[in-house]
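User: Could you take me through one part of this structure closely, step by step, and then connect it to whatever else can be said about the model? I am in my first year, so please name each element again as you go.

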Amino acid sequence: MTIINIMQTKTIGEINEKIGDGSVRVVTADRMSEIVSELGAEEAAKEVDVVTTGTFGPMCSSGVLINFGHSEPPLKMQRVWLNDVEAYTGIAAVDAYLGAAQLSEEKGMEYGGGHVIEDLVAGKQLEMKAIGYGTDCYPRKEIETTITLDEVNQAIMINPRNSSQRHEVGANSTDRTLYTYMGTLLPNYRNATYCGAGALSPLSNDPDFETIGLGTRIFLCGASGYVVGTGTQHNPADRFGTLMVTGNLKEMSTEYLRGAIFHKYGVTLYVGIGIPIPVLNEDIAKKTGIRDADIVTEVLDYGVGRRERPVVREVTYEELKTGMIEIEGNEVPTSPLSSFYMAKRIADELKREIEAGEFLLSLPVERLPTDTVLKPMKQTEELPLVKDVMIREVTTISERASIAEAAKLLLETQTTHIPVVSAGNKLVGIVTAWDISTAVATQHRGLAEIMTRNVITTDSDEPLELVIRKLEKYNISALPVVSKDRSVIGMVTSDEISKLIGKRRMRRWQWKLRI
């Protein structure tokens, strides 16, 4: 356990006394940066008792633990659905955890756990279906009924990862639109998206977790909540700290909680969090004086489907909020996935509650770690790459070639795909046996007339799993392998992938026989 040891010029108890008698001095985080700039940290610490922060954004790692009560006769739930969205039941008989990102079995990406949670808070009646395997003490095997939030015993929001210290910026270097948890990313760096409330964000104002820790009282979706520990993927060593939070769903408001859809990606829950920062000393005052210009993050290329994505550039939240940043010499529009309006509204509401004596501060009973580093998943089997399976001797054809020349080349090479290259040997298209047969039937003459110009490609170091996804997504059977300058260095085909998978399965089968 980390012992709380902070140099103090005032205490939480003294601030709470001021809250009680109405003399407390509270400002929002955006105003505090102005005060620190005008007066300096020392004077600001004397003038201000509490700084309120706020954030409102998509927080997929959120959910609700629900106790439904027992049916007659009783049922031990093996599976349960609310409005066709499944909740996890691997705990007690009638307890279930509904995750915000769980999809509807009927509506898919058009409805999910986040929407169910919002509908519960809104007082709507939900369809509930549950099944069980039947036991002596839980003989019932199925039930269909309806529920509302008032009719369940408990509904406790427990969010494993909320309120990230900062977020990376999403951009896309490819020539295709990408649908991600960073929203829709347009091709060729035509937009950039980002999350977080900048200088209003809670952990930006307490980066060393001096006042935010286990037991800190917070504003959570309109109700009082608490920090219950580090969030998952807590990585303060790289300025990616996170919080695990909890609160009573029955006290929350849909003003600060909304289900949402990320187009062609999935569903999420927008969560509103506000955390008061007690200004106990000059050092804390200085940290709460942070400005958007002080918060630096990275623009990442989501066109690379790897855990470690390339950093395009660094950028500040001040730049992001202008609505335009520069990438590779071009002006790129930026858009926030979080709501600055709602973040400020939450900070203002928390300020009002403190000034009205409705919200007292709490000192954390344990400080959150500041040296945690995020570890990657352990993988017991090496992931095959394109270079492990690609055909290296590839025949190409000039874009100036005729249909007849292409047909002859297909016959000679016994292949079904030929990359089309420019005079500089750069990939400009691809032609297939189907294209050639269709062209002959329709009496086309030039290859440039029939080739596919928008070619799906790969590189030699791309994981084969991502290539398989491309083949399935675009309903194709081969991809040119290109270098950074778009020279063709190989081909990868579904046939070669099938051969590799077959060999790997055979090796695993032989290994199992040995043991």
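Analyst: In this predicted model, helix α2, made of residues 29-39, lies across the strands β1 and β2, and its direction runs at about 100° to that of β1. The strands beneath this description belong to an open sheet of three strands, arranged in the order β1-β2-β23 with mixed pairing. At the edges of this sheet are β1 (26-28) and β23 (276-278), each of which pairs on one side only. Neighbouring strands of the sheet are turned by 25° against each other on average, if direction is ignored. Strand β2, residues 50-52, pairs with β23 in the antiparallel sense, and three bridges join the two. Within that pairing, Thr52 has Pro276 of β23 as its bridge partner.

A second sheet can be read in the same manner. It is an open sheet of three strands in the order β29-β30-β31, and its pairing is mixed. Here β29 (397-398) and β31 stand at the edges, and because each has a single partner strand, one side of each is left without a neighbour in the sheet. A helix, α9, packs on this sheet and touches β29, β30 and β31, while its direction makes about 135° with that of β30. Between β30 and β31, which run antiparallel, there are five bridges, and Ile418 stands opposite Val431 in β31.

The loop between β30 and β31 (427-432) holds Ala423. Ala423 has a relative accessibility of 78%, and since exposed means over 50%, Ala423 counts as exposed. The C-alpha atom of Ala423 is separated by 8.9 Å from that of Arg400, although the two residues are 23 apart along the chain.

Both α9 and β30 return in the description of a pocket. The second largest pocket holds about 350 Å³ of space, and of the 18 residues that line this pocket, the closest to its centre are Ile391, Thr415, Thr416, His417 and Thr493. At least two lining residues come from each of α9 (403-413), β30 (417-421), β33 (488-493) and α13 (494-514), and α13 gives the most, with three residues. By kind, the lining of the second largest pocket divides into six nonpolar, nine polar and three charged residues.

Key:
Residues numbered from 1 in each chain as written. Predicted model: local features only at pLDDT ≥ 70, side-chain atom pairs only at ≥ 80, totals over all residues. Heavy atoms only, no water. 1 Å grid on protein atoms, 1.4 Å probe; cavity = no way out; pocket = protein on both sides within 12 Å on 5 of 7 lines; lining within 4 Å. Points joined across faces, edges and corners; volume = space filled by probe spheres on them. Helix = DSSP H or I, 4+ residues; strand = E, 2+ residues; numbered from the N terminus. Nonpolar A, V, L, I, M, F, W, Y, C, P; charged D, E, K, R; others polar. Buried < 20%, exposed > 50% of the residue type's maximum accessible area, 1.4 Å probe, protein only. Pairing = 2+ DSSP bridges. Contact = heavy atoms within 4.5 Å. Axes fitted to C-alpha atoms, helices over the stretch in contact; angles between N-to-C directions.
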